[in-house]
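Here are a few notes to read with the model open beside you. They are meant for someone coming to it fresh.

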There are 2 protein chains.
Amino acid sequence: MLNERKKKILRAVVYNYITTAIPVGSRTVAKKYRLHLSPATIRNCMADLEESGYLTHPHTSAGRIPTDKGYRFYVNSLMERADLSLEEKIRIKKEYSHRINRIDQIMEETSQVLSLLSHYTGLVLAPNLEKSIFHHLELVSLENGRILSILITGSGLVKNKIIETEKILPKERLGEILNLINDRLSNLPLKRIKEFISDQLKIETSARKIWELMNQIFTWDGVEELYLGGRINILEHPEFKDLARSKSIFQALEEKRLLAEVLSKTASSEGVRVLIGKETRCRKIRDLSLVTSTYRINGRPVGVLGIIGPRRMEYSKVVSLVDFMAKMVSKVLTNLSHTTKV
Amino acid sequence: MLNERKKKILRAVVYNYITTAIPVGSRTVAKKYRLHLSPATIRNCMADLEESGYLTHPHTSAGRIPTDKGYRFYVNSLMERADLSLEEKIRIKKEYSHRINRIDQIMEETSQVLSLLSHYTGLVLAPNLEKSIFHHLELVSLENGRILSILITGSGLVKNKIIETEKILPKERLGEILNLINDRLSNLPLKRIKEFISDQLKIETSARKIWELMNQIFTWDGVEELYLGGRINILEHPEFKDLARSKSIFQALEEKRLLAEVLSKTASSEGVRVLIGKETRCRKIRDLSLVTSTYRINGRPVGVLGIIGPRRMEYSKVVSLVDFMAKMVSKVLTNLSHTTKV
DNA sequence: CTTAGCACTCATTGAATGAAAGTGCTAACA
DNA sequence: TGTTAGCACTTTCATTCAATGAGTGCTAAG
């Protein structure tokens with residue numbers, strides 16, 4: 001375990017590196033952070049911290065920079081949370097005060113706000129359909145047996161897709177099915193409906209075609225949408241002044257499927273979650289950090305939002321921001337959701 | 001007007017610069033393009049071309065590079081169209097052969113294909129709603145007088161938005177209106193419907209509330225969606241190795257509204273359109289070129305697709321690609337559209 | 001245990017240098 | 001008169017070299 005002095009020095013190094021982006025030397029620590037110690041003493045301490053894996057050297061004659069372990073300790077034990085300023089809070093609230101026309105607009109704007117206030121890249125993973133409540137279905141028959149299926153969730157999210165059927169169903173029959181679905185299944189979790197249909201598909205043999213159609217309607221495999229805001233912010237930070245590096249980062253950010261996967265893994269935990277560098281368990285973004293939180297509708301976790309940026313990130317600020325935003329979005333979505341009264 | 005020799009030299013310079021990205025000297029031209037002229041003669045000619053504004057110097061002792069005017073002349077009069085290879089055509093067709101689940105998926109994929117085959121950034125401006133045919137409307141009443149309005153166009157495009165009404169309409173009344181709209185207005189151009197409503201709003205005084213609701217339902221101001229594919233490709237090209245520059249380009253590409261505007265301006269003309277550098281009439285992308293074409297549904301122009309990249313662009317290839325893709329998308333969308341039989 | 005002092009190590013910077021590439025001009029040539 | 005060879009001049013680019021300076025590790029004294 002680290003003694004008080006080492007903690008103080010580690011904290012000074014991490015903090016200084018986060019704010020300045022240049023490796024921190026013993027002299028700097030001695031001068032800036034009134035520890036009443038000489039540079040030499042601090043040097044000894046820093047050497048110890050390096051030995052225990054909290055700090056590294058870029059090269060022999062440079063100052064120290066934190067390792068993933070160093071950042072982790074800082075985030076867990078050393079940093080104090082930097083609350084948002086009143087202005088920032090007002091600014092955020094203002095963004096959500098105007099009329100909302102579409103749910104996906106909320107996601108889009110949230111990712112923008114996250115990036116704007118953090119100067120990193122904002123992420124919003126749209127509500128997971130599996131976890132959503134079924135509200136309403138519309139079927140519009142197109143030609144050639146194609147059916148346009150439009151599903152509306154309890155939170156007002158609208159998803160549509162085209163279903164191809166072999167046999168053209170008469171319009172009245174389609175209407176019947178539709179009415180049945182809307183009357184019987186409304187306000188049930190989509191997951192439950194899906195399971196129910198799977199079960200029926202195993203048992204039923206008579207109205208098989210209908211159940212297969214139902215199955216298609218309620219199957220939405222992995223089309224979870226990810227909204228990214230402020231990708232360019234990546235370029236603002238000195239660690240990516242090297243083009244080759246930032247190129248690979250951009251490539252990773254283009255791969256929404258990849259990011260969505262990493263994000264959805266963090267969905268389970270309570271509160272704000274921080275993943276530092278290699279902790280993301282994903283090679284392509286191993287030089288980045290992720291700060292995420294779950295947003296909820298009526299207390300049920302449905303999606304994830306957060307920020308992605310360099311490992312050298314202002315964690316204290318970002319954690320507060322992400323926390324606040326998750327609560328904000330939860331409130332907005334819950335307000336909009338009409339299942340409140342159920 | 002340029003004589004034959006000058007044309008040949010201009011063409012050689014532009015072509016060589018497009019393929020190599022390094023300023024072209026007289027020696028290079030003499031060697032590579034069997035013009036049977038000495039470097040000195042070519043130098044004289046190039047000096048003339050510079051005087052007439054087709055070429056410039058980055059600095060005194062560098063080779064020549066084309067100006068916007070030079071590129072323009074090349075595109076209009078000198079280049080020969082490079083048709084797509086059979087493999088490329090097959091590859092494109094393959095992309096559209098699998099099942100299509102959503103219309104916006106077509107847009108998304110098209111932008112990807114455009115970027116993949118050109119190594120520049122692909123653009124697709126979604127079908128303009130004004131120019132679309134109305135097919136079907138759904139209204140789902142949420143709580144607090146909110147109505148979720150879902151509009152389906154003839155091409156299967158689904159747009160949704162939430163409408164806030166002061167007075168809560170009884171469900172039956174809403175159903176009546178809905179039926180009326182779907183029975184009477186189906187297959188009419190949205191633009192015509194919009195005009196009709198505007199007229200009624202001026203005349204009618206009795207059922208004013210209803211007409212105002214109708215107006216809200218059919219008003220979709222400027223939410224034209226722009227799909228971008230392969231933004232990172234910008235970084236591949238040497239002219240953007242400078243970070244500051246590529247940053248401003250990325251910023252411009254983030255501004256979808258701006259791009260959408262530039263694109264929609266090109267919608268009018270027939271065939272493939274090329275805008276070079278300043279011709280885009282937009283400061284932020286004055287170092288880029290745009291190659292666009294209109295795609296159609298049943299022969300009616302509805303949207304624009306194309307490519308954006310550095311001025312030093314392989315116009316001959318890109319023009320062919322954009323042309324082919326526009327035809328491809330037109331075919332796919334027309335096939336999908338069910339107004340064929342009307 | 002703390003600190004001053006010192007030798008040592010690298011990264012960074014800036015100046016100097018020398019190709020390389022290319023031009024413009026002049027004068028000779030066909 | 002148009003074309004070409006030759007040459008002086010520019011400018012960029014890569015390389016080398018030394019100076020600079022920030023920072024370390026170690027040792028010995030306080």
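1. Start with R312(A). This is a predicted model, and in it R312(A) is buried, with a relative accessible area of 8%. The cut-off for calling a residue buried is under 20%, so R312(A) at 8% falls on the buried side. To find R312(A), look in the loop between β10 (300-310) and α13 (315-336) of chain A.

2. What does the side chain of R312(A) reach at 2.5 Å? That would be the backbone oxygen of I18(A). There is also a polar contact of 2.8 Å between the side chains of R312(A) and E239(A). Setting aside neighbours within four places in sequence, R312(A) is in contact with Y17(A), I18(A), A21(A), Y71(A), Y120(A), H237(A), P238(A) and E239(A).

3. Next, the nonpolar core. In soluble globular proteins, nonpolar side chains tend to be buried together. The largest nonpolar core here has 183 residues, and the members touching the most other members are I92(A), F218(A), Y315(A), I92(B), F218(B) and Y315(B). Take Y315(B) as a case to click on: leaving out residues up to four places away in sequence, Y315(B) touches I18(B), Y71(B), V75(B), M79(B), V274(B), I276(B), S289(B) and V291(B).

4. Have a look at a hairpin in chain A, too. Strand β4 (residues 134-141) is mostly covered, with 7 of its 8 residues buried. β4(A) pairs with strand β5 (residues 146-153) of chain A in the antiparallel sense, over 7 bridges. S141(A) stands opposite I147(A) in β5(A). Between the two strands of the hairpin there are 4 residues, and N144(A) takes a positive phi near 55°.

5. Now for the DNA, beginning with strand C. 21 residues surround DNA strand C, and the closest are R5(A), T41(A), H59(A), S61(A) and S26(B). Of the strand C atoms within 4 Å of the protein, 75% belong to sugar or phosphate and the rest to bases. By class, the surface near DNA strand C divides into 5 nonpolar, 12 polar and 4 charged residues.

6. Which atoms of strand C does the side chain of R5(A) approach? An N or O atom of that side chain is 2.4 Å from a phosphate oxygen of DNA strand C. Chain B has a hand in this as well: an N or O atom in the side chain of R64(B) is 3.2 Å from a phosphate oxygen of the strand. With S38(A), a polar backbone atom is 3.3 Å from a phosphate oxygen. The elements giving two or more residues to the surface near DNA strand C are α3 of chain A and α3 of chain B, and α3(A) supplies the largest share, 4 residues.

7. Finally, strand D. 20 residues surround DNA strand D, the closest being S26(A), R5(B), T41(B), T60(B) and S61(B). A polar side-chain atom of S61(B) lies 3.1 Å from a base oxygen of DNA strand D. Meanwhile, a backbone N or O atom of S38(B) lies 3.2 Å from a phosphate oxygen, and a polar backbone atom of S61(A) is 3.3 Å from a sugar or linking oxygen of the strand. Two elements give two or more residues to the surface near DNA strand D, α3 (39-51) of chain A and α3 (39-51) of chain B. The largest share, 4 residues, comes from α3(B).

Terms used: Residues are numbered from 1 along each chain as its sequence is written. Chains are lettered from A and ligands numbered from 1 in the order in which they are written. This is a predicted model: local features need pLDDT of at least 70, side-chain atom pairs count only at pLDDT 80 or more; totals for chains, interfaces and linings use all residues. Side-chain values use heavy atoms; hydrogens and water are left out. A residue is near a molecule or strand if one of its heavy atoms lies within 4 Å of it. A polar contact is a pair of N or O atoms within 3.5 Å; within protein, one must be able to donate a hydrogen and the other to accept it, and residues adjacent in sequence count only if both atoms are side-chain atoms. Ala, Val, Leu, Ile, Met, Phe, Trp, Tyr, Cys and Pro count as nonpolar, Asp, Glu, Lys and Arg as charged, and the others, Gly among them, as polar. Buried means under 20% relative accessible area, exposed over 50%, partly exposed in between (1.4 Å probe, protein chains only). Contact means heavy atoms within 4.5 Å. A nonpolar core is a set of buried Ala, Val, Leu, Ile, Met, Phe, Trp, Tyr and Cys residues joined through side-chain atoms within 4.5 Å. Two strands pair if DSSP finds at least two bridges between them.
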